[in-house]
Amino acid sequence: MPGYKLSERITCSNDIVEVATGKEFLIIASPSLYLASTISKIVNVPNIADGSTIIAALTKGFVPSDKGPRLILETIEGALPEIYKDCTVYVAGPSHAEEVAMGKLTGLVAASLNPKNSIKVRELLKVPGLYVVSSFDIIGVQICAAAKNVVAVVYGALDAIAETSDFFGDNTESLLMAAGLNEIQTLGFAMGATHAETFTSISGVGDLDVTCKSKYGRNRRFGQDIIKTDMLSKFKDIDDLIANVGKIGYLPEGAIACKYVHEICVKKDLKLPLSEGLYKVLNKEITPAELLLKLQDSR
């Protein structure tokens with residue numbers, strides 16, 4: 001966090017076992033690409049092996065597996081001792097780190113099937129500037145956190161195109177956000193989301209709005225770079241992009257999540273024109289402008 005002074009009480013270490021040992025709480029913030037390998041390194045830590053540590057996750061996206069894309073908590077709990085089944089906590093919400101560091105009021109959701117753990121994590125995070133609520137809809141919250149990044153990439157591309165377009169503008173961006181929220185909800189219920197209000201509150205419309213519009217958003221920036229710097233010219237297709245994502249210089253989770261949303265759409269026979277369109281853009285099948293023009297014919 002360049003430009004922000006961190007508390008002197010914060011320490012760091014590159015020894016993950018040291019970090020995880022003897023902790024009452026452990027918050028996992030590894031990118032989705034590295035989540036499984038991160039968890040594998042701490043499963044034998046004594047306080048994790050006996051289940052005494054409460055584990056929460058901030059990771060957004062999906063994790064590939066032999067059975068298809070898996071959600072974050074499913075991946076974590078599948079690697080941890082059985083005592084963690086339905087007891088981990090997922091933390092999400094519209095919360096860019098820069099504004100959290102400034103102390104600007106921010107809303108978060110602590111979602112878990114274990115109400116006690118949800119409340120404990122909620123209380124842990126309850127500091128000035130953070131407004132935290134609990135949720136039982138772990139699937140809905142996780143889908144919102146992953147899929148909003150996909151929408152934000154398209155939004156960023158539209159934002160860049162609109163700068164010089166006589167056809168796309170603010171009205172188009174609002175149309176795109178509404179279409180994106182609808183797709184997130186469709187995907188969420190297909191995956192097992194339990195509460196409609198998940199999509200109309202902090203996790204859904206709240207996180208989608210800030211991810212699409214904030215100047216701090218990496219996924220919006222990636223969409224803009226597709227247009228302004230021809231970012232995709234560095235890659236052959238979406239698989240090459242994911243394998244060489246380090247060439248981008250920052251991590252756009254939406255580009256990675258897009259592949260797994262595509263796989264879910266195929267498996268569940270879902271029609272999500274926005275998400276599927278971005279997949280085709282990243283896979284070099286259509287251009288961003290073609291995607292945006294196709295959207296008006298898909299409704």
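## Helix pairs and cavities: worked exercises

About 50 Å³ of space lies in the largest cavity. The model used here is a predicted one.

**Exercise 1.** Work out which residues line the largest cavity, and which helix gives the largest share.

*Solution.* Start with the search: over the whole structure, two cavities of 30 Å³ or more turn up. Now go round the wall of the largest cavity, where you'll meet Val 154, Ala 157, Ile 226, Leu 278, Val 281, Pro 288, Leu 291 and Leu 292. Next, sort them by helix: α7, α13 and α14 each give at least two of these residues, and α14 has the largest share with three. Last, sort by class: eight are nonpolar, with no polar and no charged residues.

**Exercise 2.** Decide whether α13 and α14 run roughly parallel or roughly antiparallel, and list who touches whom.

*Solution.* Take the angle first: α13 (residues 273-282) and α14 (residues 288-295) pack at about 160°, and their axes are 9 Å apart. Angles over 145 degrees count as roughly antiparallel, so α13 is roughly antiparallel to α14. The crossing is right-handed. On the α13 side, the contact uses Pro 273, Leu 274, Gly 277, Leu 278 and Val 281, while α14 brings Pro 288, Leu 291 and Leu 295. By class that gives seven nonpolar residues, one polar and no charged. Now look back at the largest cavity: Leu 278, Val 281, Pro 288 and Leu 291 are among its lining residues.

**Exercise 3.** Do the same for α7 and α8: find how they are oriented and what their contact is made of.

*Solution.* Helix α7 (residues 138-162) packs on helix α8 (residues 170-191) at an angle of about 150°, with 9 Å between the axes. That angle makes the two roughly antiparallel, and they cross in a right-handed way. The contact includes Ala 147, Val 151 and Val 154 of α7, plus Gly 180, Ile 184 and Leu 187 of α8. Counted by class, there are 13 nonpolar, three polar and three charged residues.

**Exercise 4.** Find what lines the second largest cavity, and which helix supplies the largest share.

*Solution.* This one has a volume of about 30 Å³. Its lining is Ala 147, Val 151, Gly 180, Glu 183, Ile 184, Leu 187, Val 261, Leu 272 and Ser 275. Helices α7 and α8 each chip in at least two residues, with α8 giving the largest share, four. The class split is six nonpolar, two polar and one charged. Several names should ring a bell: Ala 147, Val 151, Gly 180, Ile 184 and Leu 187 also sit in the α7–α8 contact.

Technical notes. Residues numbered from 1 in each chain as written. Predicted model: local features only at pLDDT ≥ 70, side-chain atom pairs only at ≥ 80, totals over all residues. Heavy atoms only, no water. Axes fitted to C-alpha atoms, helices over the stretch in contact; angles between N-to-C directions. Parallel < 35°, antiparallel > 145°, perpendicular 65-115°, else oblique. Left-handed = near helix turned anticlockwise from the far one by under 90°. Contact = heavy atoms within 4.5 Å. Nonpolar A, V, L, I, M, F, W, Y, C, P; charged D, E, K, R; others polar. 1 Å grid on protein atoms, 1.4 Å probe; cavity = no way out; pocket = protein on both sides within 12 Å on 5 of 7 lines; lining within 4 Å. Points joined across faces, edges and corners; volume = space filled by probe spheres on them.
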